[in-house]
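Me: Hi! I have just started learning to read protein structures, and I would like some help with this one.

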Amino acid sequence: MVAKNACWPGYLRKNGRKGIRNKLLILYTVECASFVAKEIGRLTASPHVDVVGFAGCTDNEYAVRLLIALIRHPNVGGVLVVGLGCEYIQPKWLATIAEEEGKLASWLFIQQTGGTEKSIKKGTKLAAAFLQELQKTPQTSMYITDLVLGAECGGSDYTSGLAGNAVVGRLFNRLVSIGGTALFEEILETIGLLELLQKRGANKKAKQQIEATYYKALQYCNSTRQYSISPGNFAGGLSTIEEKSMGAVIKSGTQPIQGVLKVAQNPPGKGLWLLDTTPDPHWMQFGIANPNDNEGLLALAASGCQLLLMVTGRGNVVGSAVAPVLKITGNHNTYLHMQGDMDFDAGLALTGQKTLAELEKDLLEMVLNVAIGKPTKSETLGHKEYHIPYKYQTPGGSKAGCAQQ
């Protein structure tokens, strides 16, 4: 299959975007409704059902904006919203947004429905009906230039920068060069590399955005006394945050950075974009926002990525809701030890069995196969982790902002 000319059936949404999956998203609007929502998902017993929710009971604009972005995601074809009945985020409002997007939608309040058992019964019936309807979703031709790929790394070791992230960076270069779109995040793992990033800014505005985002991240690290390096990173051969940063940034490739996005903001154009997930300066509400791999993966999905690339040297088993996760390791021993979880062995570059150029082609072929419908290891195992923290972050001009609904 020639990548540039590759064509496969995708799911066309009302807003013109194309999805590689056709999921039913079950949302819960408060932790009190999480059990019912998860039971509906479990009893429906379909790999096409994802359950996501926000635990908080009070207002959080960031979380609301993220949930709306997931509703609008091209991999989502239907939405069922489950609420308790006294929380801030209203299920009917979210279901109305889904309907306006041309998606199957319904909602329920547990208090109104009559409690746990009645709500699970009603929700399971609705979910089954939606899954039947989703089989009739019209499809359209999809090309590699329709893809929006996101990259994350976690459980990093010395092989991540040398092989895993390096192969992803080469793939991003190819995707962008032929008219595709790529996003990378983890600004906390760019500490020490401001000059390198600024040089890659596509224009003056992009350079200014990169600088502002970098210094915000540095301020966040200083204020929380936490830098994005862990005991596992040290055990894996990384000595400092600067050394880890050099390996982490390689996954972005070498193409110009078009600008900085906020979470739930879709790229306004093609090319390579940096996703800012760091809380804004007056963020302190309920303690420290806890950055982790699944927060980063979901943030990338909320910004429109249909497929996520997760690079891990020591091994990470997670998947994500809404977007499939393809796991790549630069450590050949990790691949052999965790073959049930690892999709791609970039460590062959370090053993001398393949070149980075050859691995780039292999990874592109795997990406296309996943886009066509082949499940990743995390999808097969049922990994659909996610994390939505309490956080303050301005919409940054995003069309997903609450005030613009």
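Here are some questions about this structure, each with a short answer.

Me: Nice to have it on screen! What share of the residues in this protein is buried?
Reply: Keep in mind that this is a predicted model. A residue counts as buried when its relative accessible area is under 20%. Among the 405 residues of the protein, the buried share is 58%.

Me: How many helices and strands should I look for?
Reply: Both kinds of element occur here, so take your time scrolling along the chain. The secondary structure comes to 15 helices and 14 strands.

Me: Is strand β5 largely enclosed or left open, and how many of its residues are buried?
Reply: Strand β5 covers residues 76-83. It is largely enclosed by the rest of the structure, because the buried residues number eight of the eight.

Me: Which strands pair with β5, and in which sense?
Reply: Strand β3 (residues 23-28) is joined to β5 by six bridges, and Leu24 stands opposite Gly78 there. Strand β6 (residues 104-109) also pairs with β5 over six bridges, with Ala105 as the bridge partner of Val79. The partners are therefore β3 and β6, and the sense is parallel.

Me: Which hand does the crossover from β5 to β6 have?
Reply: After β5, the chain passes through helix α3 (residues 91-100) and then reaches β6. This β-α-β crossover is right-handed.

Me: Which strands stand at the edges of the open sheet with the order β2-β1-β7?
Reply: This open sheet has three strands with antiparallel pairing. β1 (residues 7-12) is joined to β7 by five bridges, and Cys7 stands opposite Tyr143. An edge strand has a single partner strand, so one side is left without a neighbour in the sheet; that is the case for β2 (18-19) and β7 (139-143).

Me: In strand β12, which residues point the other way from Leu307, Leu309 and Val311?
Reply: In a regular strand the side chains alternate between the two faces of the sheet. Strand β12 (residues 307-311) has five of five residues buried, so it is largely enclosed by the rest of the structure. Pointing the other way from Leu307, Leu309 and Val311 are Leu308 and Met310.

Me: What is the bridge partner of Met310 in β13?
Reply: Four bridges join β12 to strand β13 (residues 325-329), and the two run parallel. In β13, the partner of Met310 is Lys327.

Me: Arg65 and Glu61 form a salt bridge, so is each of them buried, partly exposed or exposed?
Reply: Their side chains meet with an N to O distance of 3.1 Å. Both lie in helix α2 (residues 61-71), four residues apart, which is about one turn of the helix. Arg65 has 1% relative accessibility and therefore counts as buried. Glu61, at 27%, counts as partly exposed.

Me: How many residues apart in the chain are Glu186 and Lys251?
Reply: These two side chains form a salt bridge at 2.7 Å, N to O. Glu186 sits in the loop between β9 and α7, and Lys251 in the loop between α10 and β10, so the pair links distant parts of the chain. The separation is 65 residues.

Me: Which residues belong to the salt-bridge network with Lys262?
Reply: Lys262 forms a salt bridge with Asp280, with the closest N and O atoms 3.1 Å apart. Lys262 lies in strand β10, while Asp280 is in the loop between β11 and α11. Salt bridges that share partners make one network of Lys216, Lys262, Asp276 and Asp280.

Methods. Residues numbered from 1 in each chain as written. Predicted model: local features only at pLDDT ≥ 70, side-chain atom pairs only at ≥ 80, totals over all residues. Heavy atoms only, no water. Buried < 20%, exposed > 50% of the residue type's maximum accessible area, 1.4 Å probe, protein only. Right-handed = clockwise from strand over helix to strand, strands pointing away. Salt bridge = Lys/Arg side-chain N within 4 Å of Asp/Glu carboxyl O.
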